[in-house]
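These are my notebook entries on one protein structure. I record in order what I looked up.

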Amino acid sequence: MLRIAIPNKGTLSAPASQMLRDAGYRQRTDPKDLVCRDEANNVEFFYLRPRDIATYVGSGDLDLGITGRDLLVDSGVPAAELLDLGFGGATFRWAAPAGTLTSADEIAGRRIATAYPGVVEQHLAEHNLKADVVRLDGAVENAVRLGVADVIADVVETGATLRQAGLVTIGEPILRSSAVLIGRHATAAPNGVAQLMRRLQGVLVARSYVMLAYDVRADLLEQATGLTPGIESPTVSPLHREGWVAVQAMVLRKEVHRIMDELYELGARAILVTDIHNCRL
């Protein structure tokens, strides 16, 4: 039976479970449950602290896990990212008091406070920089004011919390994180992994695309399908009305309104959009 770790709480927990439900897997109904067996799919889910998931997968005690890329990097364990799941985005950046630093290179030799020492140390090593890393469990914005550090490294969203602490971001992001499916390094994939990944990829595509259907004159078909080429090619069917055809194609959700406008201007009519709940490509 495939054994998979899922975040038991936090911002990744609900989206991870929902994505698995959308992929056809059973999930717990009681948030206090620690284990959920999906006999139909031969999978067992374990609900763990997000920060511990990479450790369990890297040790081989569990086959797969869903966690943040930041937590995977921070753990330093032998686990590999298999698939970006497209939710739980976060950006890690340097921050320092306004006017003290002008570039990230200037952090060399300084004290850096962070709740993610593994992320920071990897970044320092990759850029051949040396600094003192001070590990804190949270509220790192106060570290500079309290004299614990000269610089911080933390998740930055709007920057409002940093500004309240008199800090500004420095240089490029340290890491762009999101939820990822992880597995063990250098081991043969257990049974069921390929199916799980196909299902999750199907959910990702379904969330990014919609099905667009419309009618258009046959002499405008070439121009119309230029706007809606589909994944491989559009489906085209003759209509009872002579000289007209019906077209169906998958288009990116974020572009659908622009495409609908352009199709209408071209002369297409009966333009309809349908959600895709899942797919296999």
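**Entry 1. Charges over rings**

Over the ring of which residue does the charged end of arginine 51 sit? I found the charged end over the ring of tyrosine 116, at 4.9 Å from the centre of that ring. I note at the outset that I am working with a predicted model.

I then looked up arginine 269. The charged end of arginine 269 sits over the ring of tyrosine 264, 3.8 Å from the ring centre. Tyrosine 264 belongs to helix 8, which runs over residues 256-266. I recorded a relative accessible area of 48% for tyrosine 264, which makes it partly exposed. I also checked tyrosine 264 against valine 120: the two are 144 residues apart in sequence, and their C-alpha atoms are 51 Å apart in space.

**Entry 2. Aromatic pairs**

How many aromatic pairs does the count come to? I obtained two aromatic pairs.

One of them joins tyrosine 25 and phenylalanine 45 in an edge-to-face arrangement, with 6.1 Å from centre to centre and 80 degrees between the planes. Tyrosine 25 is in the loop between helix 1 (13-22) and strand 2 (35-38), while phenylalanine 45 is in strand 3 (residues 43-48), so this pair ties together parts that are 20 residues apart in sequence. I asked whether tyrosine 25 is buried or exposed. Its relative accessible area is 4%, and because buried means under 20%, tyrosine 25 counts as buried. Phenylalanine 45 is buried as well, with a relative accessible area of 0%.

Phenylalanine 92 and tyrosine 116 form an aromatic pair that is likewise edge-to-face, with 4.8 Å between the centres and 75 degrees between the planes. Phenylalanine 92 lies in strand 6 (residues 90-97) and tyrosine 116 in the loop between strand 7 (111-114) and helix 4 (117-126), so the pair links parts that are 24 residues apart in sequence. I noted both phenylalanine 92 and tyrosine 116 as buried. Tyrosine 116 thus appears twice in my notes: in this pair, and as the ring under the charged end of arginine 51.

**Entry 3. The largest pocket**

I next looked up the largest pocket, whose volume is about 550 Å³. Its lining consists of 19 residues, and Thr11, Leu12, Asp70, Leu71 and Tyr116 lie nearest its centre. The lining divides into seven nonpolar, six polar and six charged residues. Helix 2 (50-59) and helix 3 (69-75) each supply at least two residues of this lining.

Why does the largest pocket lie between domain 1 and domain 2? Both domain 1 (2-86 + 177-206) and domain 2 (90-176) give residues to the lining, and therefore the pocket lies between them.

**Entry 4. Positive phi values**

I looked up two residues other than glycine that have a positive phi. For asparagine 128, phi is near 55 degrees. Asparagine 128 is placed in the loop between helix 4 and strand 8 (132-135). With a relative accessible area of 70%, asparagine 128 is exposed.

For alanine 139, phi is near 50 degrees, again a positive value in a residue other than glycine. I located alanine 139 in the loop between strand 8 and strand 9 (151-155). Alanine 139 has a relative accessible area of 54% and is exposed; exposed means over 50%.

**Entry 5. Three further positions**

Where is alanine 40 placed? I found alanine 40 in the loop between strand 2 and strand 3. Its relative accessibility is 77%, and it counts as exposed. Alanine 40 and tyrosine 25 are 15 residues apart along the chain, and their C-alpha atoms are separated by 8.6 Å. In this comparison, alanine 40 is exposed, whereas tyrosine 25 is buried.

Glutamine 164 lies in helix 5 (residues 160-164). I recorded glutamine 164 as exposed, with a relative accessible area of 66%. From glutamine 164 to tryptophan 94, I read 70 residues in sequence and 16 Å in space, C-alpha to C-alpha.

Is glycine 65 buried or exposed? Glycine 65 is buried, with a relative accessible area of 0%. I placed glycine 65 in strand 4 (residues 64-68). The C-alpha atoms of glycine 65 and glutamate 81 are separated by 9.6 Å, and these two residues are 16 apart along the chain.

Note on methods
Residues numbered from 1 in each chain as written. Predicted model: local features only at pLDDT ≥ 70, side-chain atom pairs only at ≥ 80, totals over all residues. Heavy atoms only, no water. Phe/Tyr/Trp six-rings, centres within 6.5 Å; stacked < 30°, edge-to-face > 60°. Helix = DSSP H or I, 4+ residues; strand = E, 2+ residues; numbered from the N terminus. Buried < 20%, exposed > 50% of the residue type's maximum accessible area, 1.4 Å probe, protein only. Lys NZ or Arg CZ within 6 Å of the ring centre and 35° of its normal. 1 Å grid on protein atoms, 1.4 Å probe; cavity = no way out; pocket = protein on both sides within 12 Å on 5 of 7 lines; lining within 4 Å. Points joined across faces, edges and corners; volume = space filled by probe spheres on them. Nonpolar A, V, L, I, M, F, W, Y, C, P; charged D, E, K, R; others polar. Domains from an automatic or database assignment.
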